[in-house]
Amino acid sequence: MITYDRILIRYGEISTKGRNRNLFVDKLRRSIKRVLHDFPNIKIEAQRDRMFILLNGENSEEIVECLQGIFGIQSYSPAIKVGKDIDEMKEAALALFRKVYREGNTFKITAKRADKDFSLDTGEINQTFGSHILVNIPDLKVDVKKPDINIVVEVRKEACYLSCENYKGAGGLPAGSSGKAMLMLSGGIDSPVAGYLSMKRGIEIEAVHFYSPPFTSERSKQKVIDLAKKLSRISGGVALHIVPFTEIQQLIQKQVPDNYTMTSTRRMMMRITDEIRKKYDGLAIVTGESLGQVASQTMESMYAINDVISTPVLRPLITMDKGDIIDIAHEIDTHDISIRPFEDCCTVFVPSSPKTKPKLEKVQHFESFTDFEPYIAEAVEKTEKLIIKPNTLIDEEIENLF
Amino acid sequence: MIYFDNSATTKPYKEAIDSFVKVSTSYFGNPSSLHGFGEKAERLLKQAREQMANLLGVKSNEIYFTSGGTEANNMAIKGTALMHRSRGRHIITTKIEHPSVKETMDQLQEAGFEISYLPVDAAGIIDISILEKEIRDDTILVSVMHVNNETGSIQPIEQIGHLLKYYPKILFHVDHVQGIGKVPLDFYKSHIDFCSISGHKFHGLKGTGALFIHEGVDIAPLLSGGNQEKKKRSGTENTAGIVAMAKALRLTMSEMNNKLEQLMKIKTYLLNELSVIEEVMIHTPEHKSAPHIINFSLKGFKAEVFVHALEELDIYISTTSACSSKHSSASETLMAMGVTEMTAKSAVRVSLSYENTIDEARYFIESVKKTIAQLRKVMKA
């Protein structure tokens, strides 16, 4: 039986990125290499407009599955490389056809002729290969509109490539190709989805979580670690900053009137996140805010909260409906973690009636009686940084148990 | 010592025992406790669940921990019967199931359920067309084991699953206790709703097991109480045993990847060598059988006598299945395959693990020959 010797990868959007292209291709190559870590024999050949994974005997089906989640791939096809001898090409095409053919299937040939010196033109290639297969397989029918099997014969300068299965890639841009941003990761449903969508556009994410023991438990921290772990599958690793927030939250409760504590809390979180961003050279802050979802996510609230920083705040979910966000959360496997019923920093001190339309001047006035600066500096100073990887446990002692 | 009774139980991995001891001493908290110490135990449980799900190719919310294979089988079968008794009271199983399935069925029969037992052919394998004929409007469950514990014969689980796909009201339970780590089984592809495994059959510790329940499938719990295991199996979790089981499964699966070929070689060697011994009649089918079980009769010898004779040489094998080997009745599995009662009473089982070697197999064959010669002298006298 004929076996695939390579997988052809098409970039899609990357190939339009002008001078950035080399960077993008290189990032994509790294992503693929990382994901295919368990297949030591593969070799990656990156070209201007496409990439080949040379299988060297590795299992093509398993690799096809692994490639599904990698950002920056538009589509990909397992393929066979053959010499440009027409008889050899014909035999290989037939063998490939037999591999995928099931009785009753229809087929067509799609010729691509990048090598303009090749002796047959596109129509002739279609005709030659189509008839060769028709002659050899009884009762076979051609269907050029909706074939079950589409044999792609691609003639290039160096060789001819045959393929017949095309898989849709995850799209987007390669991990880490757009620079770094800090993701405010609460533990709810929205923020991991916001992280995922920004990673899809090539942003490298470092997560920031606010931890308020004993008001929030060890379990709520574990929840965030588990969420970060899911996100880390995309990029191979995610940094998670755990900010000790108890003192500031208590201070806010003391200094700010009840219905403004929520607004003030968010402002402090923004300020701290921005300080951490500066420390680690990030360029933006990502949040899971969706317009109008809760009191802190009205236009008025966002205006009052955003005022504390000038860094761009990216809100990938801003116009999305809750149902759509939940669908993505299911898709990326974070939903079930997010709904674990533990208090987090946002739910524990919620006033009975937070202002849905806070005024900036008012919150500035309330905060003006206290100097939060040293508290913020201390929180940043005491922030714990964890590196979360898809398969490693945080605790080495625990890791040895498994 | 040559231990060839791995289908009865296996020697726990040292690594699994180490994990058990470590968890029992350092993380003995109750996973349900609110404090951080309980949280640690809960985390271990979660990690174990995830690891097992990954190794089995399923989702972690589909793994329910039990006290072993017997409980998992009871939980799936009785839980389904209790849940769906108003929809139907007919269950289909086979004539060669493990006692933990068979006796459960007997109990349900007394409670008013109707049970159909599928026959098997000479190789110990059911006929799917007969299964299809047995299906009725009130059938709620089909329970078929993957690898038979006595003969090693493998049932066509994937094909059964494909058939049952067309009967969405019928749930499908597979007893995978003997197959795990030896004969790969794709739970999803086989459309399995319940699948039982037991920790001590793959070098974990006794008192641990798991039931896979497909997402969306519901059963009535047998054990009610503190609502552990999503209310399906109450009782404080055996965290240490579960962690040890997750580790043992990982090690076993990696051994399957590396040593399956070696195991097959040993089995083939044993089959070839045994088949030329005049008194031996092999019951394990050549094809469609697991790589670790060989069942054969020694014509004219009582099985117990032979087991004890080998024991003197520090070789440990089994009469039939360990669970029933203290009763001297003939194996129902073998009789269902058409073996006569006389022959069935002289049947013994050799069951291997990845730790056995070809040298042990050679020594075993020599010992079998020697023992036969000696016993023959005694019996003729």
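# A predicted two-chain model: chains A and B

UniProt, in an unreviewed entry, places the feature "domain: THUMP" at residues 61-166 of chain A. UniProt positions follow the numbering used here, feature names are shortened, and annotations may be inferred rather than shown by experiment. This is a predicted model: local features need pLDDT of at least 70, side-chain atom pairs count only at pLDDT 80 or more, and totals for chains, interfaces and linings use all residues. Residues are numbered from 1 along each chain as its sequence is written, chains are lettered from A and ligands numbered from 1 in the order in which they are written, and side-chain values use heavy atoms, with hydrogens and water left out.

Start with the annotated stretch. Residues 61-166 of chain A are 35% helix and 29% strand. The end C-alpha atoms of this stretch are 13 Å apart.

Now take chain A as a whole. Chain A has 15 helices and 15 strands (DSSP runs numbered from the N terminus; helices are H or I with at least four residues, strands are E with at least two). Its radius of gyration is 27 Å, well over the 21 Å that the globule rule gives for 402 residues, so chain A is more spread out than a compact globule. That radius is taken over C-alpha atoms, and the rule is 2.2 Å times the number of residues to the power 0.38. The C-alpha atoms fill a box of roughly 85 × 45 × 40 Å along the principal axes. Of the 402 residues in chain A, 52% are buried (under 20% relative accessible area; exposed is over 50%, partly exposed in between; 1.4 Å probe, protein chains only). Among contacts (heavy atoms within 4.5 Å) between residues at least 6 apart in sequence, 79% join residues at least 24 apart.

The same UniProt record type, again unreviewed, lists a "binding site" in chain A. Its residues are A:Met184, A:Leu185, A:His209, A:Phe210, A:Arg266, A:Gly288 and A:Gln297. Where does A:His209 sit? A:His209 is in strand E11, residues 204-211. At 1% relative accessibility, A:His209 is buried. Beyond neighbours within four places in sequence, A:His209 contacts residues including A:Leu185, A:Ser220, A:Val224 and A:His241.

Past E11 comes a backbone feature. A cis peptide bond, with omega about 0°, joins A:Pro213 and A:Pro214. A:Pro214 is in the loop between E11 and H6. Most peptide bonds are trans. Helix H6 covers residues 218-235 and holds A:Gln222. A:Gln222 is buried, at 8% relative accessibility. Which residues of chain B does A:Gln222 touch? They are B:Glu39 and B:Arg43.

That contact leads into chain B. Chain B has 11 helices and 12 strands. Its radius of gyration is 21 Å, close to the 21 Å that the globule rule gives for 381 residues, so chain B is as compact as a globular protein of that length. Along the principal axes, its C-alpha trace spans about 70 × 50 × 35 Å. Buried residues make up 58% of the 381. Of the chain B contacts with a separation of 6 or more, 72% join residues 24 or more positions apart.

Two chain B loops hold backbone features of their own. B:His203 has a positive phi of about 70° and is not a glycine. B:His203 lies between strand E7 (194-198) and strand E8 (209-213), and is buried at 3% relative accessibility. B:Glu229 has a positive phi near 50°. B:Glu229 is in the loop between E8 and helix H7 (239-275), and is buried at 7% relative accessibility. Most residues other than glycine have a negative phi.
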